[in-house]
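Biologist: Could you take me on a close look at one part of this protein, the surroundings of ligand 2 and the core residues by it? I would be glad of one connected account that I can follow on the screen.

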Amino acid sequence: EAPARASSTPALPDTLSVRGARVHNLRGVDLDLPHRSLIVFTGVSGSGKSSLAFDTIYAEAQRRQVQSMTSFARQFMNEMEKPDVDRLDGLCSAVAVDQRSSASRNPRSTVGTVTEVYDLMRVLWATVGSGHCTDCAAALVDRACPAGHDTALPDLTGPAFSFNLPFGRCPACLGLGSTREIDPALVVPDESRSIDEGAVAPWRNAPAERAAAVAVVERAGRSTAVPWRTLPSDLRETLLHGVGGSGADGVAEDRGQAAAGRLPGVIPWLERRRASAGEGAADPAEPYLRTVACPDCAGARLNPAQAAVRVGGLGIAEACALPVADALRFFAGLTVGDRDRRVIEQAVIEITDRLTFLIKVGLGYLTLGRTARTLSGGEAQRIRLAGQLGTRLFGLLYVLDEPTVGLHPEDTAALITTLRGLRDLGNTLIVVEHDHAVIRAADRMVELGPAAGELGGRLMFAGTAEELLVDDDSLTGRFLRDPGGATARPGGVPRTRRTPGPGRELVVRGARANNLRDVDVTLPLGMLVAVSGVSGAGKSTLVDEILCRAADRALGGDAPPPGDHDEVLGLASIDRVIRVDQSPIGRSARSTPATYTGILDTVRKVFAQTDEARRRGFKPGRFSFNSPGGRCAACSGDGTVRVEMGFLPDVFLPCDVCHGARFDDATLAVRHRGRSIADVLAMSVDEAAEFFADLGAAARPLRVLAEVGLGYLRLGQPGNTLSGGEAQRIKLANELQRRPGRHTLYLLDEPTTGLHSSDVARLAGVLHDLVAAGHSVVAVSHSMEVVAAADWVVDLGPGGGADGGLVVAEGTPEAVAAGDGATARHLRGLLR
Ligand code: ADP
Ligand code: ADP
Ligand code: ZN
Ligand code: ZN
């Protein structure tokens, strides 16, 4: 096995030692960590785990890596800040596998390309494929190996079968496999509206086109005040597609008009606007576009000649369309003649290694062709791990951020096996994690605390997992000893479960999207409902693709059409639906907790009312970094400047004019109780709550942010540095502070990401507060702590992908725990 290869090379020193780490909130942490071991960092959110793992250890490793590289990279070295740490000894090359960067933005990244399985497949198809265009094989082999060798697999990657290169990709979709087309269902999102009520969305801002259409309808003897769906179908056809559709009584005379370009139909009109929009400009039809399989290649991404080449009876795109579990059987069963055996064997071993890993970590339901962008953060991270494991590198330090996110406890054992596999190859792993099973599996545990932000940053514990379990001072130890502790309400009082009220429920009937098997699902209203199940069971499909979209459209919103289902009953009793997801609160460094929650608006007014501001004539806008005026002109208020490093990740350097303050000197000279606007943005939520205690409009949102466990966040922390879980809790806090009277359905996706057990208890309390205020909450969650804290559970499964899609159990957590299956087994330990 591989470890032999690793241990023969003393690639790592014995110990990684940290002295005097003071990054962010760290209070001079000293720590010795054994190399070639699985190390878990834990502690409450905001205690400093990431500051130590990523911003100190990984950042310094990366800095030293860059230092040993090109002169281009080195010229930034003096500016690239050295983390605030006295000494770091025994450091080696490091790889970060976090969630933010793993979700690749490239639309051409697929599960196959990220895991490198697709590269290996290209080798197979190019060398042993039948029905070949010989040029493909020649091009591939020529490009790969000028010396004519045929063994160096990783280098054997030429242009054949690549949908990233013009040579092989489908010319119609440029290798994307899909195109964006105008969807009539988005152009007329609600057929019960009339034209007068804006049924045809693009006309809402196009009075001339709308007037022309109104004239056509009137000339046809019809009214523009009746629901769209009651207009004759040929008239609707003409209004949408212009002439050339079906023949039409009463609109025939308008054909002349149409021919003259005055009534082109709304879709051809949008198409013309798309065509005339400049290169790189925003697509004017964007709100009406839907992604559909490319009509030329049917999603295969390749040109017809390449798509036709077969191995084992399948084209390469067909093999990519198999779920990983089926793909494994396919590759394991491949047979070839002697001549090709060598290539086949080597490639097949590497392919099956990686596929086996994907299955082990609960991702056997994915297809290799699945676009990486559509994966959740946790899935994307596990796929990158599969790629790493396949490389069989050793002597590296891996730094991971919560690899169990999105993983049902049933699949955690396999993840742990994999982490240990990476360790046994001769690597060191630092894993930021809250999951109890991973903590128990660690060779070494590190706990930071005791609380968040200023109140954290200290080393609370370092030792083995067994020692942690019996440590009286360790918060984590306490939860490990009493796992049910997180599910009780804060204060330790167990809550009685709510019971479903008669008729107060949503019923999704005939759900068939993705893997759902024509199921009916009942979700009681007025309570906290958890939707559980192993990954790939169909939870997001049910909640996001069907329920959320159907509810939004029923309430007059313009969500994309929901996934396949018959109907959703009971939506009439909901006034509003809000999806609280983990997407960033904004795209740029300029969206911060302070801007998103509106706190900054209040604060700016306070600054504008100071004597100094009045004397200088500064209005509230002066104190904004989103518009010119008071912000630093050099960095446009970002506080940082992005430097592109070519093949390395971009580096952000502090702006050398404002040094991160984001404002110009005149603006910074204005002070409120001795603090400048930059000082305020540097405050934590907790500090600001004290500072603005008498300012109601700011105090309330600040208090709510603290309630959801974000008291440690800096008001001005750039939105793009927040974790998905933090972004989600900011959104939740924003909802809580508004607390509308109308019945709102909140849909949450994995709300415990990044939360320590002690934070989970607090979050569950907040969700119950929303329910107590008259709202309904549905949370998709793998966390048994959330499931145990819910009033009602809908468990999907039993497996992932084709093995899932059924309702396995529904009822109170106690009722579900009494059944069998994965969720029941893991839930039992948490209920008391
Ligand atoms: P954890 O990983 O334990 O949740 P972090 O290391 O992310 O905690 O955060 C620890 C403290 O450092 C928090 O108070 C947080 O607000 C602060 N912090 C984190 N990132 C930054 C940053 N980029 N700039 C300033 N402060 C930060
Ligand atoms: P869960 O939320 O329980 O993890 P999902 O609802 O995401 O499960 O997935 C259920 C099934 O549907 C899986 O087989 C998954 O691969 C498939 N699926 C989900 N989203 C897509 C998509 N955008 N394209 C293709 N298949 C998808
Ligand atoms: Zn195509
Ligand atoms: Zn600046």
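Modeller: Happily; here is a walk from the ligand shell into the core and then out to some loops. Please keep in mind that this is a predicted model.

Let us begin at the ligand. Ligand 2 is surrounded by 14 residues, and the closest are Asn-514, Lys-539, Ser-540, Thr-541 and Gly-801. Sorted by class, this shell holds ten polar residues, three nonpolar ones and one that is charged.

Next along the chain after Thr-541 comes Leu-542, and here we step into the core. Leu-542 is among the residues with the most contacts inside the largest nonpolar core, together with Val-399, Val-431 and Val-529; that core has 200 residues. Its largest share, nine residues, is supplied by helix α5 (residues 117-128). A second core, separate from this one, has 18 residues, including Val-187, Ala-213, Val-266 and Ala-285.

Back at Leu-542, you may like to select its partners. Beyond its neighbours within four places in sequence, Leu-542 is in contact with Val-508, Ala-511, Leu-516, Val-521, Val-531, Leu-547 and Leu-796.

Two of these partners lead to a loop worth a look. Ala-511 falls in β14 (505-511) and Val-521 in β15 (519-524), and the loop between these strands is the place of Asp-518. Phi of Asp-518 is near 55°, which is a positive value in a residue other than glycine. Is Asp-518 buried, exposed or partly exposed? It is partly exposed, because 13 other C-beta atoms lie within 10 Å.

Another partner, Leu-796, belongs to β23 (792-797). Follow the chain onward and you meet a cis peptide bond between Gly-797 and Pro-798, with omega about 0°. Pro-798 is found in the loop between β23 and β24 (806-811). Gly-801, one of the closest residues to ligand 2, falls in this loop as well.

There is a cis peptide bond elsewhere too: Gly-449 is joined to Pro-450 with omega about 5°. Pro-450 lies in the loop between β12 (444-449) and β13 (458-463).

To set this part in its wider frame, the secondary structure of the chain comes to 33 helices and 24 strands. Of its 832 residues, 47% count as buried. Among contacts with a separation of 6 or more, 69% come from residues 24 or more positions apart.

Methods: Residues are numbered from 1 along each chain as its sequence is written. Chains are lettered from A and ligands numbered from 1 in the order in which they are written. This is a predicted model: local features need pLDDT of at least 70, side-chain atom pairs count only at pLDDT 80 or more; totals for chains, interfaces and linings use all residues. A residue is near a molecule or strand if its C-beta atom, placed from the backbone, lies within 6 Å of it. Ala, Val, Leu, Ile, Met, Phe, Trp, Tyr, Cys and Pro count as nonpolar, Asp, Glu, Lys and Arg as charged, and the others, Gly among them, as polar. A nonpolar core is a set of buried Ala, Val, Leu, Ile, Met, Phe, Trp, Tyr and Cys residues joined through C-beta atoms within 7 Å. A residue is buried if 20 or more other C-beta atoms lie within 10 Å of its own, exposed if 12 or fewer, and partly exposed in between; C-beta atoms are placed from the backbone. Helices (H or I, at least four residues) and strands (E, at least two) are DSSP runs, numbered from the N terminus. Two residues are in contact if their C-beta atoms, placed from the backbone, lie within 7 Å.
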